[in-house]
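Thanks for asking me to look this one over with you. Here are my notes, as numbered points to read alongside the model.

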Amino acid sequence: MNSIVLLIILALYLGILFFIAHWAEKKGSSKWTNNPYIYSLSLAVYCTAWTYYGSIGVAANSGLNYLPVYLGPIIIIPAWMIILKKIIRISRVNKVSSIADFISLRYGNSRFLGAVVTIVCLFGILPYIGLQLKAISETFHIVTQTESSSNIFDDSTTYVAFALAIFASIYGTRYVDASEKRKGIVTAVALESVLKLVFFIIIGVYVTFFVFDGFDDIYAKASLLENFREKNTIGGLPQAINWFFLCILSLFAIFLLPRQFQVSVIENTRENHVNTAVWLFPLYLLLFNIFVYPIAWGGNILFDGQSVNSDTYSLLIPQFFNNKTLTVMVFLGGFSAAISMIVVSSIGLSTMVSNNLIIPYGLLGRLKNNEQSTINKKIVNIRKIGIFSLIIIAYFLYRYFALDYSLFSIGLVAFVIIAQLAPSFFGALFWRRGSRTGAVSGLIVGFIICLYTLLVPYALGITSSDTSFITEGLFGIELLKPLQLFGLNYLQPVPHALFWSLLFNFMIYIAVSVSFKGNYRERNYAEMFLDINKYITMHENAFVWKGTAYRTDIEKVLIKFLGEERTKRAMNIFNLKYNVDKDEELADARLIKFSENLLTGHIGTASAKILISSVVKEEKITLPEVLKILEESKENIIINKKLTETSNELKEISAKLHEANVSLMEKDKQKDEFLDTVTHELRTPITAIRASSEILYDDDEIPEELRKQFLQNIISESDRLNRLIDKILDLEKFETGRQKVNFATHKVLETIENAIEPLQQLINNKYIHVHVEGNSNLKADFDEDRMVQVVTNLVSNAIKFCPENNGLITLAVYDKHDYVQVEVSDNGKGIAPNDFENIFDKFYQSTNQNFKKPIGSGLGLAICKQIIEHHKGKIWATNNATGGACLTFTLPKKQHP
């Protein structure tokens, strides 16, 4: 492919990334940019060009040796639920902005330790960034089938490096506070993670199923190649030990690589996103590695006997079959893998350089004399220049130092260097006795041994037989051979360097920490780190400080760096959080810690401590005093927690008592209304009976026909009184649970027709048409007498509310799988929406009735509701399409005791 065309494609691709990053920054709170999947996919920045190309080269040359790099992270990932969440909590409450800040903070805001960590990271990561640029350059020349040029201006990678430097410096330094979330960068990285995985799977499927006839075909043909069996066995005990140390190496890398710390800790917006990452990230690694082996050995089969770079098989295979589209897609996947690492790593390193080298060692004094806007501008410019410079330095490292080694080898060297942070990092999380002196001593010694056993041999040429230093050892002492130190000759160079460097690193860290106690601030932060869950909400309470400090002096410093408005807002939050009087002049330990946290994101933990210390007068505190204060702080936190829990419990009890009181008042009111209504309803028939009886008693000469009419009134009112009493008793039995329901299987439609039969004369008298529809064989379990009572009540109500002419009542039965639904509707005036629930109350009658009040006790629907609920069904009211009322109830087909 023509170089110009590929450069145009790359420019378009970078333009899309710019757009995505810009859009994500503007839509920072959108669910598309702030969700656990974006977070989890951003962690795949772990899969760089080394994964994309280098793993294939290792698999092609040495079989399964590429696997430990992925086994380590997968082994430790379940522990993320505890370890990573703990790191995120510590970083969030302390406004940590880099791994250097994290380590230096734990060891008493140590400026020197932060600087040492930064330098170690620069040694490890700058060649690693150069590795990515090397991958871009080599693959570009393969795709375009051109030769690399010694002139940097003829090298396309030069322009790619400059474009990436500009992109990272723009979107990586949008905030002065380095602990702020860069949603644009994270979203762009997540998109790149998807693309590189998709493109890698596509080339894997192409090689496996289109170039060859599946996995079996590749294995069968590859097994005929020379040394296939030797390359594809784990080997004996020495090889197993090598694997073990490589797994440990990658396990440390997933925590300690600055880019991993950046995306997993600094860019984490919600702690529970880790729950998704725990399964999605290992799945991502698994999907990436499914086709590494087929591509590697497919390339070995196709290019057997040819001198080609096995790292680039994923490009050479589609190019071999003249598939330009797939070749470009694979190139873009590798390009994505490389630039995501370059961008994120350069952002993390620039923050470390500015906050742990430049500002604390030279710029802090000058910043104090500037205005807030000038300070912010200088800090941002330092980071922009830092990002740009780091990428350009890495580019020159690639051009002049990293051309002779494979992607895999350079990547492992970087891992070993970064692994030197492990003792001080994990000691910060799990060991109280770890001290600043121990951390610095262990880190420096570990780095020197790493330099001796790995970096120097690589610089001299690890396979060179002309170098006596490698073949004979320092000063000709055989025990000091860098690749066989103290006679250890069965480990490969990388596991060998890792073993000795970490052994001495850990031993010195532990020995020095035990021998020389740290100062009070180190022990203070040790307690806060180890017991972060206790201090997560009120962590300033756990900070130990003694001396004299004035609030106004601290506020002046904060205004210089944060501005007046943000400082005022922060101080108001502090006052509310700790119930401090705003006019209080003296500052306590809590305000000291609160102020340091506010400054940490801008200038780092060490510089924040220096700056606040410059305006306060601190007194020395002995270690026993620290322990005593911390113990009191713990007790206060526990007491406050218990008081808060008790207060919440009392609030809950008070709320429940209030609800119970309201309920009792409502029930008392209902009781009064019930008694009034019952009294009225009973008095009406009794009054009618008494009046008719008195007339008959007083007038012996009353006509026979009139006498019979009065007697009929007495009988009918007596029946009405009897029915009313029966209904009240029925309702009382249902409400108290004393009413027995006799379940049996019946045909629903048949029961409905039995209920309508006694009402037929009334229906005919009002010229109402009744329509019944449904499956005549549909059965359900119910008490037939009670169901007749329900249908009778519902149909009677429908009769009352039907119009005088053309009345229509429809009864419909529906089969709803595991229950039966019955609807009784009429074409009357309907029910007011406000009455849909109220009509099932005792003695309630709808407000939306015809002009003549219907005759009834007001208990019918209340009893219907009780009967249906005792059948484990539901009943409700609506209006139908014609405006009439529609009462619906359901019955389970099978009743389970």
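1. Let me start with a small puzzle: how many residues lie between E6 and E7 in their hairpin, and which residue in the turn has a positive phi? There are three residues between the two strands, and histidine 817 is the one in the turn with a positive phi, about 70°. Please keep in mind throughout that this is a predicted model.

2. For orientation, the protein has 35 helices and nine strands. Of its 897 residues, 54% count as buried. Among contacts with a separation of 6 or more, 80% are between residues 24 or more positions apart.

3. The hairpin belongs to an open sheet of five strands, ordered E4-E6-E7-E9-E8, with mixed pairing. Its edges are E4 (768-773) and E8 (875-879), each of which pairs on one side only. On average, neighbouring strands in this sheet are turned by 15° against each other, with direction ignored.

4. It is worth walking across the sheet strand by strand. E4 and E6 (residues 807-815) run parallel and are joined by six bridges. E6 then pairs with E7 in the antiparallel sense, over seven bridges. From E7 to E9 there are again antiparallel neighbours, joined by seven bridges.

5. You can follow one row of residues along that same path. Histidine 771 has threonine 810 in E6 as its bridge partner. Threonine 810 in turn stands opposite serine 825 in E7, and serine 825 has cysteine 886 in E9 as its bridge partner. If you have the viewer open, these residues make a handy guide to the sheet. As a reminder when looking at such rows, side chains in a regular strand alternate between the two faces of the sheet.

6. Is E7 enclosed or open to its surroundings? Six of its eight residues are buried, so the strand is largely enclosed by the rest of the structure. Two helices to look at here are H32 and H35. Helix H32 (residues 748-756) packs on the sheet and touches E4, E6 and E7 (819-826); the direction of H32 makes about 155° with that of E6. Helix H35 (residues 860-870) lies across E8 and E9 (885-892), and runs at about 25° to E9.

7. Moving to a helix pair, H12 (residues 237-256) and H20 (residues 422-430) pack at an angle of about 65°, with axes 11 Å apart. The two are therefore roughly perpendicular, and their crossing is left-handed. Phe252, Phe255 and Leu256 from H12 meet Ala422, Phe425 and Phe426 from H20. By class, this contact has six nonpolar residues, no polar ones and no charged ones.

8. H20 deserves a second look in its own right. Eight of its nine residues are buried, so this helix is largely enclosed by the rest of the structure. The buried residues of H20 include Pro423, Ser424, Gly427, Ala428 and Leu429, and also Ala422, Phe425 and Phe426, which meet H12.

9. Next, a charged residue you may want to find in the viewer: is glutamate 267 buried or exposed? Glutamate 267 is buried, because its relative accessible area of 8% is under the 20% cut-off. Glutamate 267 sits in the loop between helix H13 (258-266) and helix H14 (273-289). Leaving out residues up to four places away in sequence, glutamate 267 touches Glu180, Lys181, Arg182, Val186 and Gln262.

10. Threonine 139, in helix H7 (residues 111-144), is also worth a visit. At 3% relative accessibility, threonine 139 counts as buried. Apart from residues up to four places away in sequence, threonine 139 touches Tyr53, Thr312, Leu315 and Phe331.

11. Finally, phenylalanine 504 is found in helix H23 (residues 493-515). With a relative accessibility of 27%, phenylalanine 504 counts as partly exposed. Its contacts, beyond neighbours within four places in sequence, are Val445, Ile449 and Phe486. Phenylalanine 504 and glycine 446 are 58 residues apart in sequence, yet 6.1 Å apart in space from C-alpha to C-alpha.

Notes. Residues are numbered from 1 along each chain as its sequence is written. Side-chain values use heavy atoms; hydrogens and water are left out. Helices (H or I, at least four residues) and strands (E, at least two) are DSSP runs, numbered from the N terminus. Buried means under 20% relative accessible area, exposed over 50%, partly exposed in between (1.4 Å probe, protein chains only). Contact means heavy atoms within 4.5 Å. Axes are lines fitted to C-alpha atoms, for helices over the stretch in contact, and angles run from 0 to 180 degrees between N-to-C directions. Angles under 35 degrees count as roughly parallel, over 145 as roughly antiparallel, 65 to 115 as roughly perpendicular and the rest as oblique. A crossing is left-handed if the near helix is turned anticlockwise from the far one by less than a right angle, and right-handed if clockwise. Ala, Val, Leu, Ile, Met, Phe, Trp, Tyr, Cys and Pro count as nonpolar, Asp, Glu, Lys and Arg as charged, and the others, Gly among them, as polar. Two strands pair if DSSP finds at least two bridges between them.
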